[in-house]
Amino acid sequence: MSIRVLDPRVAQQVAAGEVVDRPASVVKELVENSLDAGASRVEVELGDGGTSRILVRDDGAGMTPEDAGLCVVRHATSKIRSVKDIESVNTLGFRGEALPSIASVSSFSLTTSTGEGAATKVVVEGGAEAEVSPASHPRGTTVVVDRLFYNVPARRAFLKGQRAERAAISEVLTHLAIAHPEVAFRLTEKGRDHLSLPAAGDLLERLAQILGVARARAMRRVEYESGAFKISGYAALPSVTEGSRAHQTISVNGRFVRAESLHRGLDDAYRATVPGGRYPPVALEIDVDPRRVDVNVHPTKQIVRFSEERVARDAVAAAVRTAIEWRPPGPATTPRQAERAFTQERFSPRPEPWERVSRAAESRSAYQAPPEGGLQEVRERISEASRPLAEERARYEELPERGALPPLEDLRVIGQLAAGYILVEEPEEALWVVDQHVAHERAILDRLNDSESPATVQSLLIPEVVELSPGEAEAVAENLEELAVYGFEAEPFGPRSVRVKAVISTLADRDVAGAFKDALAAITRTDPGHSREDHILATIACHSAVKMGDRLSQPEMEALIESWLTSRLPATCPHGRSICFRIGLNEVARKLDRH
Ligand code: ADP
Ligand code: MG
């Protein structure tokens, strides 16, 4: 075969694959252009999850007729003039590749106006010559991408289902929205809102729009400076975690990026307090001298590389750690070893009045004895679905059985503190303050992991309807069977909710919806295997356990302490958090000047 220079149109289609590989990357490029144009509002409309249509409309600066004609030409950009400019570029784009690439693999049209003079419409059919004509459009730009990859069947074949593509779009848009709180974003399909984010006053308000007020309240401010790095934003306390990195947004010099080293830094920061595979929401902005970071290693600019990867990773870890660690109230009190583990989350704000009311109403059924009957069947299905916990068990066996805890007979439950901690007396010796949620969680998890006396699945008297995000709805449809392995008997209920009919009995009166969603996230985000099984069981235990704020009666507290102390590893909590701390009587005496 003889060598031939490719037809430019074919070359463009081949190159397009580097920039756009799925609808979500088209959305990312178009929305970044809107942001570069200074838009205050960006709307995205989809047809069939973006596979048949992607429309992005903005109210940004728009283009003149001359620029509009040029923008679909390869390497046409208004953003840099020379290679040196890349170092100081402060726009999201600069390679002038996105529009021509997208236009070469779709039916593309762009209508734009600067608000002065005529508007312009540019139509490109599968990379053919652009047709430019006058049009009408308010200030701003609307891009319509129809039939993406219609002329590249091999790539079209790689598209996932509509729901998966829509979920990926929603995730990209969420990251961009977190990186740009001052801009309003909206994602719709067939007139239905998938994301609707009015302009936010600041980052925390944007996080509240996305995560909900309660989770946003568990975010701590990050403000950190070290060497070349200045890091600001928010990081969640370790008690708030999710099954994926979908809400771990990091931007570098204003550009949302994915960088392995930065994700590692986050994991370092949370390692001691968050189990593997769980990800607390984080929104960080890193300011760094542009000469120390290369944004041009990948055509979509989502991957960046630092000149000193390790330094970047450590800076992120230190920034987050500083934000979430517990600090002593004043310089006078040096926390003792045992108290140090007592992180800030223990002093989470008092429940809102409405929360207190609903908790009081719940408190009747707040405590549930750990399961006794047989989850045998479920256990068997679990071990079929994934490898059993044999190695995990071996690890268990090596650890000290009881840690530093005294035998049960010697203890006396004194009462409850702030509806969150159980006070236990170790006569003649000490006072124990036990976190009721983590202790209960530990006890339940232990029973769930115990194949000798496993738990039962229980039908709910009133099936619970769980509302889902588009991404979750997509995932549920594909994972109903595996969810059933963990006791969740569920069926689709309308396009964006499911009806859960049965759960593992410990969950029956508890947070079914929360457990269901977290279990789903664990299934979709972790590989099959024992660590996935661990996550799911830990999730069920967490949502089954009494919560901070649940008032417990004396017998309930005694039963809880008993089941905790008789569990396999009472001193450690499934999330690696501390469960209790001890105040020696001599310390009490010293505090009261009785030494
Ligand atoms: P890049 O963003 O790397 O410059 P693109 O192919 O994405 O390359 O866009 C080419 C040019 O078209 C941009 O430099 C910009 O001048 C113009 N442009 C693209 N989209 C918009 C928009 N939504 N509003 C205004 N100008 C735009
Ligand atoms: Mg661009």
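Here is a short chat about a predicted model and how some of its features get their labels.

User: Let's start with the whole chain. How much of the protein chain counts as buried, and how many helices and strands are there?

Analyst: Of its 595 residues, 51% count as buried. The protein chain holds 21 helices and 22 strands. As for contacts between residues at least 6 apart in sequence, 71% join residues at least 24 apart.

User: Why is His263 called buried or exposed?

Analyst: Buried means under 20% relative accessible area. His263 comes out at 14%, so it counts as buried. This residue sits in helix H10.

User: What does His263 touch, leaving out residues up to four places away in sequence?

Analyst: Arg245, Gln248 and Ile250. Contact here means heavy atoms within 4.5 Å.

User: Ile250 caught my eye. What stands opposite Ile250 in E13?

Analyst: That's Leu284. Strand E11 covers residues 248–252 and strand E13 covers residues 282–288; the two run parallel.

User: How do you know that E11 and E13 are paired?

Analyst: Pairing needs at least two bridges between the strands. Five bridges join E11 to E13, so they count as a pair.

User: And what sheet do they belong to?

Analyst: An open one of five strands, in the order E9-E10-E13-E11-E12, with mixed pairing.

User: What makes E9 and E12 the edge strands?

Analyst: Strand E9 (219–226) and strand E12 (255–257) each pair on one side only. Ignoring direction, neighbouring strands of this sheet are turned by 20° against each other on average.

User: Which helices pack on the sheet, and which strands do they touch?

Analyst: Helix H10 (residues 260–270) touches E10 (229–236), E11, E12 and E13, and its direction makes about 130° with that of E11. Helix H11 (residues 309–324) touches E9, E10 and E13, with its direction at about 45° to that of E10.

User: Over to Leu592. Why is Leu592 called buried or exposed?

Analyst: Exposed means over 50% relative accessible area. Leu592 has 57%, so it is exposed. You'll find it in the segment after helix H21 (585–591).

User: What kind of surface patch does Leu592 form, and with which residues?

Analyst: A nonpolar one, with Leu585 and Val588; together the three have about 250 Å² of accessible area.

User: And how much area does the protein chain expose?

Analyst: About 27700 Å², of which carbon and sulfur atoms supply 52%.

Key: Residues numbered from 1 in each chain as written. Chains lettered and ligands numbered in written order. Predicted model: local features only at pLDDT ≥ 70, side-chain atom pairs only at ≥ 80, totals over all residues. Heavy atoms only, no water. Helix = DSSP H or I, 4+ residues; strand = E, 2+ residues; numbered from the N terminus. Axes fitted to C-alpha atoms, helices over the stretch in contact; angles between N-to-C directions. Patch = residues over 30% accessible without salt bridge, like charges linked within 9 Å, V, L, I, M, F, W, Y side chains within 5 Å. Areas by Shrake-Rupley, 256 points an atom, 1.4 Å probe, with all protein chains shown as cover. Salt bridge = Lys/Arg side-chain N within 4 Å of Asp/Glu carboxyl O. Buried < 20%, exposed > 50% of the residue type's maximum accessible area, 1.4 Å probe, protein only.
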